[in-house]
2 protein chains.
Amino acid sequence: MTREFFKPRLIAPGPVEVPPAVLEAMARPVPHHRAPEFVTTFTSARVRLAEVFAVPGDDVMILTGSGTAGFEAALVTSVRSAGSVLALQAGKFGERWGDMAARLGHRVERLSSPAGVDFDRDALTAKLRAMPDLSAVTLVHSETSTGALHDVRAIAELVRRERPDALVLVDAVTSLASAELRPREWGLDAVVSGSQKGVMTPPGLAFVWLSERAWEAKVERGSYYLDLQRERAAQAQGQTAYTPAVSLVAGLDVALGMLLAEGLERVWRRRGALNAALLAAGAALGMRQLAAHPSPAVAALVVPDGVSAPAVVRAALARGATLAGGQDELKPTLLRPSLLGYSDRYDAVAVAQLLEDALSDVAPATPRGVAVAAALRALEERS
Amino acid sequence: MTREFFKPRLIAPGPVEVPPAVLEAMARPVPHHRAPEFVTTFTSARVRLAEVFAVPGDDVMILTGSGTAGFEAALVTSVRSAGSVLALQAGKFGERWGDMAARLGHRVERLSSPAGVDFDRDALTAKLRAMPDLSAVTLVHSETSTGALHDVRAIAELVRRERPDALVLVDAVTSLASAELRPREWGLDAVVSGSQKGVMTPPGLAFVWLSERAWEAKVERGSYYLDLQRERAAQAQGQTAYTPAVSLVAGLDVALGMLLAEGLERVWRRRGALNAALLAAGAALGMRQLAAHPSPAVAALVVPDGVSAPAVVRAALARGATLAGGQDELKPTLLRPSLLGYSDRYDAVAVAQLLEDALSDVAPATPRGVAVAAALRALEERS
């Protein structure tokens, strides 16, 4: 048997496939970060980013670091030392923000929900009432580890009603530019994301938007690098407090231009439809979706009983594809294909077939010729 | 008069000119950060980086962030809360590390020296004796703001003699791969650098090496993102704790391979010679060097009396070049050309002529036909 040729493909909820024009922008000679040429690029990226955050005209900080750095920057800039923090956790990232707040010296309470399940409103109300001095609530919009989209809008409303002084800090790492997100209208206080997800740029940049009352905290102690007050003063001048990843910013500006040319609401619809197509393909193959309310950023699919998810990941790799699997305790059973990057209808078709082929490699009883048809039907329903 | 054509040139102590092969590596499709392909690249870069740090086989952490993030990571990982820190400052970056330690909640004493002047040994000894509970000393090897190379080896020796328990934390942002630096032999405890300097990669990555006793501090409170214990565990597996800037790592690996192919000690000699050529060109043009002991990373040149350094910077820009000037109070009088990046003998010649032309544009009495000859003589002396 001759070995078939396969192209490398990245089918994961970040890093994602990056448009060639973004890679090309990154490969240009490096500008000095104080030179007028870069100030223009940086300012353009900041203006565009505010539109993608649905807060046009507002300050959105661009930091060099991962999404985790961005979340820490939001916490250290807006929550005074030894505060009281409620961490809502229904997956790996929700847990991380609680761990981070504890390490930063805050008193942390946690409200947990099973993987993929939204938070019980009564339990949340009870928690909020039991924490009279609550400083902040941390939560994840699109929990990438479970594929769930949590109802940030409703949770923020509840927090505002019960504890109007508490800040609502939101991890939007994979929801930005994939799910509807309206920081001002929903009364959020921090929204954090990163470059390697919906804005289809390589990893290395974090983004943070803060509400006016979060900016007013003026925390005096803590991280120097992650203190956004200094960044805000510099970024208002088209500068950064410290040397930024200029090549990534050049790529980001191009990617944001592409998203805005398409239109933010159309991007949300496109990504919702593409993810629905992956979920439909999975269902046709006997896989169930883990999340009650799926995020458009990732299709978290539980493999059929008796099948090993890591074996499917290996079968996909033999077909050229880096297919994301589950993390930690979800590893044996979960696949997490995603079309969050530079993806269209035909990528959904290709990935549906690839899922079918890889699952068949591992489980020969897998139905054949069903995944693409199911994906196309899902796209049709959303069109 | 027809307008002459000029190529854009970057003549600054970071970001520096990056080899085309590095830019090309960054423009490749983005790998997943957990995929075997990237693990191989990352591991290769770490091994090579340890050689460039002159600590072959040791752990050098690669973080996504600026050099400032790297220095904060060294501090938060190795100095327990409410420590006692002595900041040696003779320029902008030395001051920054004192400010950072204060913001992190340490008690900070400072020993200052005028711009470009090394620290008085007697004053340092007195300071050390007056701080019996000293936790750490922060200092800068190559102070990029003044062009001075501080005698880290002698200072570390003095600290070890007077306060053997105090850690010596060194900013080697612009000295790495430009000046002789031997962390183990010199008894250092932290060495920090960044991607956009001697290792000629775009900005966005920070590097941190710690001594074994610095690792043993096991600090329990403080930054989550900048805690290197978690990074160390992950990086030993070829992973990172958080999604890294994979494209920059790909570029870094190529750049490090180029430096090691040349040989670390040859790189030190080359950069020393190129910088001596810039200083000699400056001297021939009536400019004096600011630093008593110049760093090979940057030629800090004080313009002749009556000349405005910012005007020379503007004249250079009209000739295509982004020429670094002085920062803060040194801005009116200082130029800081640098050949720290992808530079050879002919770049030294070109930059010498450019300095002569730009200075002449502003100060018509500038001697002509002298800069290149002076640069070549300096190169000859060092060959």
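Before you click on anything, one definition: the two copies here are superposed by least squares on the C-alpha atoms of residues with pLDDT of at least 70 in both. Keep in mind, too, that this is a predicted model.

**Stop 1: the two copies**

Colour chain A and chain B differently. Lay chain A on chain B and you get an RMSD of 0.0 Å, using a turn of 180 degrees and a shift of 0.0 Å along the axis. That is why you can call this a two-fold axis. Both copies use the same surface to meet each other, as 100% of the contact residues of chain A recur in chain B.

**Stop 2: where chain A meets chain B**

Now select the residues of each chain that touch the other. How many residues of chain A are in contact with chain B? You should find 51 from chain A, touching 51 from chain B. Together the two chains bury about 4000 Å², and carbon and sulfur atoms give 64% of that area.

Next, hunt for the charged pairs. The rule finds two salt bridges across this interface. To see one of them, show the side chains of A:Arg103 and B:Asp227, whose closest N and O atoms are 3.8 Å apart. Polar contacts between the chains come to 18 residue pairs, counting those with both residues at pLDDT 80 or more.

Which elements of chain A give two or more residues to this side? Select α1 (20–26), α3 (67–78), α4 (92–103) and α9 (246–262) of chain A. The largest share, five residues, comes from α4(A). If you colour this whole side of chain A by residue type, you'll have 28 nonpolar, 15 polar and eight charged residues.

**Stop 3: two domains in one chain**

Hide chain B and stay with chain A. Give one colour to domain 1 (20–261) and another to domain 2 (264–382). Their centres, taken over C-alpha atoms, are separated by 28 Å.

Zoom in on the place where the domains touch. Here 27 residues of domain 1 of chain A are in contact with 24 residues of domain 2 of chain A. The two domains bury about 2000 Å² between them, with 60% of it on carbon and sulfur atoms.

How many salt bridges does the rule find across this domain interface? Just one salt bridge turns up, so select A:Glu265 and A:Arg182 and look for the closest N and O atoms, 3.0 Å apart. There are also nine residue pairs in polar contact between the domains, with both residues at pLDDT 80 or more.

On the domain 1 side, highlight α2 (36–52), α4, β7 (148–149) and α9 of chain A, each of which supplies at least two residues. That side divides into 13 nonpolar, nine polar and five charged residues.

Zoom out for a moment: over all chains, the count of salt bridges by this rule is 44. The pair you just picked links distant parts of the chain, 83 residues apart: A:Glu265 sits in helix α10 (residues 264–284) of chain A, and A:Arg182 in the loop between β8 (167–171) and β9 (190–194) of chain A.

**Stop 4: some backbone details**

Go to the loop between β1 (9–11) and α1 of chain A, where you'll find A:Pro15. The peptide bond leading from A:Gly14 to A:Pro15 is cis, with omega near -5 degrees. Bring chain B back and look at B:Gly14 and B:Pro15: a cis peptide bond joins them, with omega about -5 degrees.

For the last selection, pick A:Asp328, in the loop between β13 (321–323) and β14 (334–335) of chain A. What is phi of A:Asp328? Phi is near 55 degrees, a positive value in a residue other than glycine.

Definitions and conventions: Residues are numbered from 1 along each chain as its sequence is written. Chains are lettered from A and ligands numbered from 1 in the order in which they are written. Side-chain values use heavy atoms; hydrogens and water are left out. Contact means heavy atoms within 4.5 Å. Buried area is the accessible area (1.4 Å probe) that two parts lose on being put together, summed over both. A salt bridge is a side-chain nitrogen of Lys or Arg within 4 Å of a carboxyl oxygen of Asp or Glu. A polar contact is a pair of N or O atoms within 3.5 Å; within protein, one must be able to donate a hydrogen and the other to accept it, and residues adjacent in sequence count only if both atoms are side-chain atoms. Helices (H or I, at least four residues) and strands (E, at least two) are DSSP runs, numbered from the N terminus. Ala, Val, Leu, Ile, Met, Phe, Trp, Tyr, Cys and Pro count as nonpolar, Asp, Glu, Lys and Arg as charged, and the others, Gly among them, as polar. Domain bounds come from an automatic or database domain assignment.
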